[in-house]
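Please go through this structure with me, and for each label that is used, set the value against the cut-off that justifies it.

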Amino acid sequence: MSDTQTLIENRPPSVATLFLERVAATPDAEAYRYPVPSASGEGPDDWKSLSWAQTAERVYAIAAGLIELGVQPEQRVALASATRYEWILADLGIMCAGAATTTVYPQTNADESAYILSDSESRVLIAENAEQLTKAREKRGELPDLTHVVVVDPAGVETGDWILSLAELESRGAARLEKDPDLVKERVGAITRDQLATLIYTSGTTGRPKGVRLPHDCWAYMAKAIAATGLISGEDVQYLWLPLAHVFGKVLTSGQIEVGHVTAVDGRVDKIIENLPVVQPTYMAAVPRIFEKVYNGVAAKAKAGGGAKYKIFQWAAAVAREYAKTAQDNFRRTGTASVPFSLGAKHKVADALVYAKIREAFGGNLRACVSGSAALAPEIGYFFSGAGIHILEGYGLTESSAASFVNPGEAYRTGTVGKPLPGTEVRIADDGEILLRGPGVMQGYHKLPEKTAEVLEADGWFHTGDIGELSPDGYLRITDRKKDLIKTSGGKYIAPAEVEGQFKAVCPYVSNILVHGADRNYCTALIALDEVSILQWAQENGLEGKSYAEVVAAPATVEMVDGYVKQLNEGLQRWQTIKKFRLLPRDLDVEHGEITPSLKLKRPVVEREYKDLIEEMYAGAREA
């Protein structure tokens, strides 16, 4: 048995156990950094730190406070908050009390929040602020199991019997620990592998979300397996902004506890650009939309700088892609990422002109980014790779604890999601569906045995619903969601995500695109443009002062986008080409339910909302 297998198979029963071990091993080392608005309220935020010992003091107080409120092992405590360091403290506190965390996105409306709290039978809700509290208060009559609400930021909140602040909870917990100092350690010691740790509700595209039951063993396995890949070490600084209500965020906190590196936590997406040079992370996880926005922003800025600057950018982008493809191909064949001298010389010039500035914008120390949750367009991946921002794509689902595959460090291959984590098995079914088996796979859907049986076989194989192919040496390429594959009326199969990804690499102004064509005789597209970059373009093209809706409706804008659609079509098979498109009057967003909080497109919702525009594109067309 290899050292890696031994490490994984001898894993402890829970991340709570790993947390206690981490605190004992490096009590004085820095664990978390978090932003605090400057005293003047102006200028950049101040950043404060917590050591592992300081973290433990608060975590144990939260755990003991929950026990004091009557929370029993495996009972659910819901967390409705944006990403902030208190989210991590609360989650660890819940786990150390032997309870289970129910995650709720802060954007979730009152009805769906109430459904999740009710279905999970959550006993306590830890709410970020008055806004999250109000949702629970509105639906209190529908929540007989909910005994208390704990508010992290109590500004404007009147506490009482039912409502207490996080500080009050910690104070109660600290008092309990004075009387019973071993309380938390005893609870952690009693946790078993199969005990429920997390209940995450999938943001379904139709119907009610399903609660995914993930036991403590899933997270202990994830922590050990990620450490075993060698992708992270105790010397790293992670910048964590992803939604912690999402399974991807939970994986990142588990891996950090195992290796003990620093994590800077700030979930404000509008602060990413400002924070990166301050935090100077060595690694960061993101979703493809972030890389698309950075790429499109750089391209749009170059275009705004005039013809010469844009030509330099286009040349540098082409060099980056050629360099990355050549280096990756050579590494695959020889184990060395070498390139011909002439290409290396061009790359050096492009680096000085373009790439160095991009790396500086990411903080200057970035060793790698991990991308997951949706497919990254390979052309964008190759661009960043050539520019020295190494994006390691990974793959997993809520049902598989998020990280089933990840690209291996230097040997990463753009366009693939890498190899399975140690201990995870994969096979491809006859119809191309990816099946997974391993310690990361869920126990099942909460109170839905029939739905569980549809995807989880008795021998442990989980049906992902994704289509993919494995290379002879074990790299997985995702081609599409099984249910998202389009079959035209001519019998041709099309993977819309592939076409959409290619368009995002071509057009610097796109924010979201949906390709439609099921049972039709040609493909069409609904395109939403990025507000910042398209308004900048408008200023330079005789449309200054116009609103976003006016700009996207202008014939000049449609003509400009049409040029990019034609460019896209040149690289597609005839049956994949976009024959018609419509620009949407606004961008797609979470609030309207068109994309998930992890920024994935909800196709049925968008197609239903813009049915008239889709029908208009097929009006008068003879359907085969």
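Q: What makes a set of residues the largest nonpolar core in this predicted model, and which residues have the most contacts inside it?
A: The term is reserved for buried nonpolar residues joined through side-chain atoms within 4.5 Å, and in this predicted model the largest such set has 165 residues, with Phe19, Phe384, Phe503 and Ile527 having the most contacts inside it. Apart from it lies another core, of 18 residues, which includes Val104, Leu117, Leu125 and Val149.

Q: Which residues does Ile527 touch, leaving aside those up to four places away in sequence?
A: Ile527 touches Phe503, Val510, Asn512, Ile513, Val561, Val565, Phe581, Arg582, Leu583 and Leu584.

Q: Why is Asp530 called buried?
A: Buried means under 20% relative accessible area, and Asp530 counts as buried because its relative accessibility is 14%. Asp530 is placed in the loop between strand S25 (523-529) and helix H18 (531-539), and, with residues up to four places away in sequence not counted, Asp530 touches Arg289, Lys293, Tyr509, Val510, Ser511 and Tyr548.

Q: How do you know that Cys523 has no disulfide bond?
A: A disulfide requires two cysteine sulfur atoms within 2.5 Å, whereas the closest cysteine sulfur to that of Cys523, in Cys507, is 18 Å away, and therefore too far for a bond. By this rule the count of disulfides comes to zero.

Q: Why are Cys369 and Cys523 called buried?
A: The cut-off is under 20%; Cys369 has a relative accessible area of 0% and is therefore buried, and Cys523, at 0% relative accessibility, counts as buried too.

Note on methods:
Residues are numbered from 1 along each chain as its sequence is written. This is a predicted model: local features need pLDDT of at least 70, side-chain atom pairs count only at pLDDT 80 or more; totals for chains, interfaces and linings use all residues. Side-chain values use heavy atoms; hydrogens and water are left out. Buried means under 20% relative accessible area, exposed over 50%, partly exposed in between (1.4 Å probe, protein chains only). Contact means heavy atoms within 4.5 Å. Helices (H or I, at least four residues) and strands (E, at least two) are DSSP runs, numbered from the N terminus.
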